[in-house]
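Visitor: I've got a structure to look through and a few things to ask. Could you walk me through it?

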Amino acid sequence: MHFKKIVGEKVYLSPRSVDDAEKYVAWLNTFDIAKFLDQNTKVITVEGEKEYLAKNDSNSYNFAIVDAKTDELIGSIGLMDVDYVHRTAELGIFIGDDDHLSHGYGSEAIKLLLDFGFNQLNLNNIMLKAISFNKRALRAYEKCGFKLFGTWPKSHYVEGKYYDLVYMYITKDDFNNNK
Ligand SMILES: CC(C)(COP(=O)(O)OP(=O)(O)OC[C@H]1O[C@@H](n2cnc3c(N)ncnc32)[C@H](O)[C@@H]1OP(=O)(O)O)[C@@H](O)C(=O)NCCC(=O)NCCS
C-alpha cells in the first residue's frame, strides 16, 4: 500500500511498505543495480529485507518512489545520518525498474526529497556519494544542483578493479535559489 506523502508530477514519495520486500530483494540481487549501490557482495533475503523495512530509525527518512500515473513502485530514496545539530544528511536513491531509468523519475524524486529535507526538516547541507563509473547518477545529481567536493581515489572495488568514490553536496540556499 502506498500513500502520497510528498507529491510531484511523475512520482510521489510514500512511506515504505513491508509488502514491497520481494520487489526490493529482486532488484537488490540484480548485479546491474546492486553494483551501483555497494550491494553486489551482499546476499539480501526477503526475511532480512522485511526486518529492515519494518525498522524505524529516527535519523533516517526513507520513502518508496511510486509512479504517479500507475501507482507502481519504481524504487526507493532516503535521507540517512540526519544530524540535527549540524543540519546535515546523506541522500541515497535507486530506481529498480528498468523502464523508468533515464526518464527523469530519479531527478524529480531527488528534488522532492531535497525540498522536504531543506524546507520541512530545516536541514542546511545534504551530501551523497557515487562510484565514479556511475555516469548516469552523476549526471542526475548535477542536474539537481549537487556540486563535487572531493573524490576518494581507488577506494571502491567492483569486478576486479578499483574505482574512485565521488562526493557531492548541495546547500539549502543553493537549492532554494535555483528552484
Ligand atoms: C541514479 C538514478 C537514481 C538517476 O535517476 P534517473 O531517473 O535514471 O535519472 P534522470 O533521468 O533524472 O537523469 C539521468 C541523466 O543521465 C543521463 N545518462 C544516462 N545514461 C548516461 C551515461 N551512461 N552517461 C552519461 N549520462 C547518462 C540521462 O540522459 C539523463 O541526463 P539528461 O536529462 O541530461 O538527458 C537512477 O539512474 C538509478 O537508480 N540507477 C541505478 C541505481 C543507482 O545508480 N543509484 C545511485 C547510486 S549513487
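Visitor: Let's start in the sheet: which residue in β5 does Gly-75 stand opposite?

Guide: Keep in mind that this is a predicted model. Gly-75 belongs to β4, which spans 73-83, and β4 runs antiparallel to β5, with 7 bridges joining the two. Across from Gly-75 in β5 stands Ile-95.

Visitor: Which strands stand at the edges of the sheet?

Guide: The sheet is open, with 8 strands in the order β1-β2-β3-β4-β5-β6-β8-β7 and mixed pairing. A strand at an edge has a single partner, so one of its sides is left without a neighbour in the sheet. Here those strands are β1 (6-7) and β7 (147-158).

Visitor: On to the ligand. Which residues come nearest to it?

Guide: There are 22 residues around the ligand. Ile-95, the residue opposite Gly-75, is one of those that come nearest. The full set of nearest ones is Ile-95, Gly-106, Ser-107, Asn-134 and Lys-143.

Visitor: Which element gives the largest share of the shell around the ligand?

Guide: β5 (88-95), α4 (105-119), β6 (125-131) and α5 (135-143) each supply at least two residues of that shell. By type, the shell splits into 11 nonpolar, 6 polar and 5 charged residues. The largest share, 7 residues, comes from α5.

Visitor: How much of the ligand does the protein bury?

Guide: Look at the backbone first: polar backbone atoms of Ser-102 and Gly-104 each sit 2.8 Å from an oxygen atom of the ligand. For Gly-106, a backbone N or O atom lies 2.7 Å from a ligand oxygen. Taken alone, the ligand exposes 950 Å², and of that the protein buries 74%.

Visitor: What about Arg-87: is it buried, partly exposed or exposed?

Guide: Arg-87 is in the loop between β4 and β5. Buried would need under 20% relative accessible area and exposed over 50%. Arg-87 has 30%, so it counts as partly exposed.

Visitor: Which residue's backbone oxygen lies 2.8 Å from a polar atom of the Arg-87 side chain?

Guide: Leaving aside residues up to four places away in sequence, Arg-87 touches Asn-122, Leu-123, Asn-124 and Asn-125. One of these has its backbone oxygen 2.8 Å from a polar side-chain atom of Arg-87. That residue is Asn-122.

Visitor: And how many Å apart in space are Arg-87 and Val-18?

Guide: In sequence, Arg-87 and Val-18 are 69 residues apart. Going from C-alpha to C-alpha, the distance in space is 29 Å.

Methods
Residues are numbered from 1 along each chain as its sequence is written. This is a predicted model: local features need pLDDT of at least 70, side-chain atom pairs count only at pLDDT 80 or more; totals for chains, interfaces and linings use all residues. Side-chain values use heavy atoms; hydrogens and water are left out. A residue is near a molecule or strand if one of its heavy atoms lies within 4 Å of it. A polar contact is a pair of N or O atoms within 3.5 Å; within protein, one must be able to donate a hydrogen and the other to accept it, and residues adjacent in sequence count only if both atoms are side-chain atoms. Accessible areas come from the Shrake-Rupley method with a 1.4 Å probe; for residues, only the protein chains shown count as cover. Helices (H or I, at least four residues) and strands (E, at least two) are DSSP runs, numbered from the N terminus. Ala, Val, Leu, Ile, Met, Phe, Trp, Tyr, Cys and Pro count as nonpolar, Asp, Glu, Lys and Arg as charged, and the others, Gly among them, as polar. Buried means under 20% relative accessible area, exposed over 50%, partly exposed in between (1.4 Å probe, protein chains only). Contact means heavy atoms within 4.5 Å. Two strands pair if DSSP finds at least two bridges between them.
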